[in-house]
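Subject: Structure for you to look at

Hello,

I am handing over the structure we talked about. Please open it beside this message. My notes follow below it.

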Amino acid sequence: MFKTCKSCGTTFDLDENILSKNVLWLKCSVCNEKWSLSDKPSEDTKKKNVDIDNKLKAEKNNSINQTEKVTSELASIKSVVEDQTKKMSKKNNPILDIKNKSVAEISSELSASKLKSEDVKQEKNVDTIKNKIKKDKKKFNFFPFVFIFLILFFSSLLFFRSALFSYSYFYFPKNTEKYIVKINDVLSSVQLPILVELGHIKMVDFVATIQQETVKFSGVIKNNSLRPILTPRIRILAIREDRKILMEKIIVTNEKIIMPSSTIEFNDFSRINSKEENISVKAVILKKLF
C-alpha cells in the first residue's frame, strides 16, 4: 500500500499487515506533515500508486532477465573453455609436456612469487625508513630548543628579579651594592625596575608626634616570609586637614635586606613650617627600590 504526503508529495510504501486500528494518522519523515489514515486517497494518488507498482514490477522483471542472461552467458563461456582445454590436452603440446603442472600448482607458484615480492618490498621500505631516521638524526637542529630555553631562562630571571637581588645581597653584599643601581637603570629603561615584594612585609607600630614645628616618627617593618626580602623605602607625609601636604620625606634605612621572619626599626624627624594642630602624619611603603 502506498501513501503520498499532501504537503511535499513524497510517496511511502506501507505494509498493510503492520497497520492496526490504533494507528489513526501518519507523519511525513521529510516535511513532518501529518494526515489522517482514514482519509480516502484521491484519484491522482491512486494513479500514482498504480504507476509506481507498474514501475517496480518492470524493474524487477528487468533485473531477473538480466541475471538470467548473464548466467547463460557465463555457462556458455565455461563450456567453450572446457572444450578448448580438452582439445589442447589431447594434442601433443610441448609446452604442456614440459611444464605438466596443474592449475593448483601454478596458482601456488604465483602466490609464492607474490609473497616473495611483497617481502622484498617490505624490506626495502624498512631500509628506506631506517635511512630517513638516520638522516633526520644527523639533520636534527638543536638551535630552536636552545633559543626557547634561553628565552625561558631570562624571562624567569626578570620575573623573580626581586628575590634574586635579595639573595644576592645576602650572599654577595659588596658586589650587589656596587652594581645594583646600574642594573636597575637598565631594567627601568625597559619598564622593569627592581621592586620590593610588598606581599611579604608589613609595617607595624608606626608612631608620629609633632612638637614645636618638628615631626618625630618611628616604626617597625616586619618580614613575614621565610627568605630575605629587599628593604623598602618609606615615605612620610604630614597632611593638613584640607589635604594639603605640609611635609614629605623619603626614609632609606641602612639595612639592605630584612632577614626571614625578622623586623627592622626606623626613626627620624623633620621640620614643618606650620603651627596648626590638625595635622596627620602617615607612612607609606614604596614599591620601587630606587
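First, the convention behind the element names: helices are DSSP runs of H or I with at least four residues, strands are runs of E with at least two, and both are numbered from the N terminus. Keep in mind that this is a predicted model.

**Aromatic pairs**

Start at helix α4, residues 143-159. F149 and F153 lie 4 residues apart in this helix, so about one helical turn separates them. Ring centres count as a pair within 6.5 Å. By that rule there are 7 aromatic pairs. F149 and F153 make one of them: their ring centres are 6.3 Å apart and their planes stand at 20 degrees, so this pair is stacked. How accessible are F149 and F153? F149 is exposed, at 52% relative accessible area. F153 is partly exposed, at 39%. Together with F154, F149 and F153 form one aromatic cluster.

F170 and Y171 give another geometry. The ring centres of F170 and Y171 are 4.9 Å apart, and the planes meet at 90 degrees, so the pair is edge-to-face. F170 is partly exposed, with 37% relative accessible area. Y171 is exposed, at 54%.

**Helix α5**

Now take helix α5, residues 161-171. Which residues are buried there? They are R161, S162, A163, F165, S166 and Y169. The buried residues of α5 pack against α4 and α6, and also against β7 (229-230) and β10 (257-258).

**Two sheets**

One open sheet has 3 strands in the order β5-β6-β11, paired antiparallel. At its edges stand β5 (201-211) and β11 (263-271). Each has a single partner strand, so one side of each is left without a neighbour in the sheet. Neighbouring strands in this sheet are turned by 15 degrees against each other on average, direction ignored. Strand β6, residues 214-223, pairs with β11 over 9 bridges in the antiparallel sense. To check the register, look at V215: its bridge partner in β11 is S270.

Another open sheet of 3 strands runs in the order β9-β8-β12, again with antiparallel pairing. Here β9 (245-251) and β12 (279-285) are the edge strands, and each pairs on one side only. The average turn between neighbouring strands of this sheet is 15 degrees, direction ignored. Strand β8, residues 234-240, is joined to β9 by 6 bridges, and the two run antiparallel. I234 stands opposite I251 in β9.

**The second largest pocket**

How big is the second largest pocket? Its volume is about 190 Å³. There are 14 lining residues, and the closest to the pocket centre are T231, V252, K256, L289 and F290. Helix α6, residues 173-189, gives the largest share of the lining, with 3 residues.

**V30**

Last, a loop position. V30 sits between β3 (25-27) and β4 (34-36). Is V30 buried or exposed? At 56% relative accessibility, V30 is exposed. Leaving aside residues up to four places away in sequence, V30 touches C8 and T10. C8 is 22 residues from V30 in sequence, and their C-alpha atoms are 7.8 Å apart.

Best wishes

Terms used:
Residues are numbered from 1 along each chain as its sequence is written. This is a predicted model: local features need pLDDT of at least 70, side-chain atom pairs count only at pLDDT 80 or more; totals for chains, interfaces and linings use all residues. Side-chain values use heavy atoms; hydrogens and water are left out. Rings of Phe, Tyr and Trp (its six-membered ring) pair if their centres lie within 6.5 Å; planes under 30 degrees apart count as stacked, over 60 as edge-to-face and the rest as tilted. Buried means under 20% relative accessible area, exposed over 50%, partly exposed in between (1.4 Å probe, protein chains only). Contact means heavy atoms within 4.5 Å. Two strands pair if DSSP finds at least two bridges between them. Axes are lines fitted to C-alpha atoms, for helices over the stretch in contact, and angles run from 0 to 180 degrees between N-to-C directions. On a 1 Å grid over the protein atoms alone, a cavity is a set of points where a 1.4 Å probe fits but cannot get out, and a pocket is an open set with protein on both sides within 12 Å along at least five of seven lines; lining residues have an atom within 4 Å of a point. Grid points are joined across faces, edges and corners, and a volume is the space filled by probe spheres set on the points.
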